[in-house]
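Student: Could you take me through one part of this structure slowly and in connected steps? I would like a close look at the largest pocket and at the strands around it.

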Amino acid sequence: MTEPMMEGAPLIAPSTTDHPLYEPVVEACKTVYDPEIPVNIYDLGLIYTIDINDVNEVRVTMTLTAPGCPVAGEMPGWVADAIEPLPGVKQVDVEMTFQPQWGMDMMSDEARLELGFM
C-alpha cells in the first residue's frame, strides 16, 4: 500500500545539493545516456532526486521517458556504475519511479537545444 501524498508535499523530493559529493554525482549522471536520445539522462530530467546522507550513501530516484523504455531494466545499473567509483561514495542505491510522469518540460535548456526544441 502506498502512503497518501500530503497536501502541499512536493512530488519530487529535494536533492542534497549542499553535500560535497553532490556535484561529482551530478557529473557522473551526465555520463549516462538513453541509447535512443543523444542527450545525457541528467539534462533530460530523468534524475529526480540525489540524496546523500552523512556517511556518503547515495540514493538516486530516477524515471524514464516512458515506462516501456527498452533499457528500463538496465538504466538503474548504468547510473549506479557511473556513481560507485567516485572517491568517498560508500554505497549507491538507484530507485525507479514513474510518479510524477516524465515530461519534456523537465529537460534542461541544453537538452532542448540539442534536440531542436529551441
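Tutor: Let us begin with the strands that take part in the pocket, keeping in mind that this is a predicted model. Strand E1, residues 47–52, and strand E2, residues 57–62, each supply at least two residues of the lining of the largest pocket, and E1 gives the most to that lining, with three residues. The pocket itself has a volume of about 220 Å³, and of the 13 residues that line the pocket, the closest to its centre are Leu-11, Ala-13, Thr-49, Thr-61 and Glu-95. Sorted by character, the lining residues divide into six nonpolar, four polar and three charged.

Two of the residues closest to the centre also meet in the strands, since the bridge partner of Thr-49 in E2 is Thr-61. That pair belongs to a pairing in which five bridges join E1 to E2, and these two strands run antiparallel. Between them lies a hairpin connection of four residues, in which Asn-56 takes a positive phi near 65 degrees. A positive value is worth marking here in that Asn-56 is a residue other than glycine.

Stepping back from this pair, we can place both strands in an open sheet of three strands, which has the order E1-E2-E3 and mixed pairing. E1 and strand E3, residues 91–96, stand at the edges with a single partner strand each, so one side of each is left without a neighbour in the sheet. Neighbouring strands of this sheet are turned by 15 degrees against each other on average, if direction is ignored.

The other pairing in the sheet can be followed in the same way. Six bridges join E2 to E3, and here the two strands run parallel. Along this pairing, Val-60 has Val-94 as its bridge partner in E3, while Met-62 has Met-96 as its bridge partner in that strand.

A helix also belongs in this picture of the sheet. Helix H1, made of residues 22–29, lies across E1 and E2 and runs at about 145 degrees to E1.

If you then follow the chain onward from E3, you come to the loop between E3 and helix H4, residues 109–114, and this loop is the place of Pro-100. The peptide bond that leads from Gln-99 to Pro-100 is cis, with omega near -5 degrees.

Finally, a database record can be set beside what we have traced. An unreviewed UniProt entry carries the annotation "domain: MIP18 family-like", which covers residues 25–94. In the model, the end C-alpha atoms of residues 25–94 lie 12 Å apart, and the span is 26% helix and 23% strand.

Conventions: Residues are numbered from 1 along each chain as its sequence is written. This is a predicted model: local features need pLDDT of at least 70, side-chain atom pairs count only at pLDDT 80 or more; totals for chains, interfaces and linings use all residues. Side-chain values use heavy atoms; hydrogens and water are left out. On a 1 Å grid over the protein atoms alone, a cavity is a set of points where a 1.4 Å probe fits but cannot get out, and a pocket is an open set with protein on both sides within 12 Å along at least five of seven lines; lining residues have an atom within 4 Å of a point. Grid points are joined across faces, edges and corners, and a volume is the space filled by probe spheres set on the points. Ala, Val, Leu, Ile, Met, Phe, Trp, Tyr, Cys and Pro count as nonpolar, Asp, Glu, Lys and Arg as charged, and the others, Gly among them, as polar. Two strands pair if DSSP finds at least two bridges between them. Axes are lines fitted to C-alpha atoms, for helices over the stretch in contact, and angles run from 0 to 180 degrees between N-to-C directions. Contact means heavy atoms within 4.5 Å. UniProt positions are given in the numbering used here, feature names are shortened, and annotations may be inferred rather than shown by experiment.
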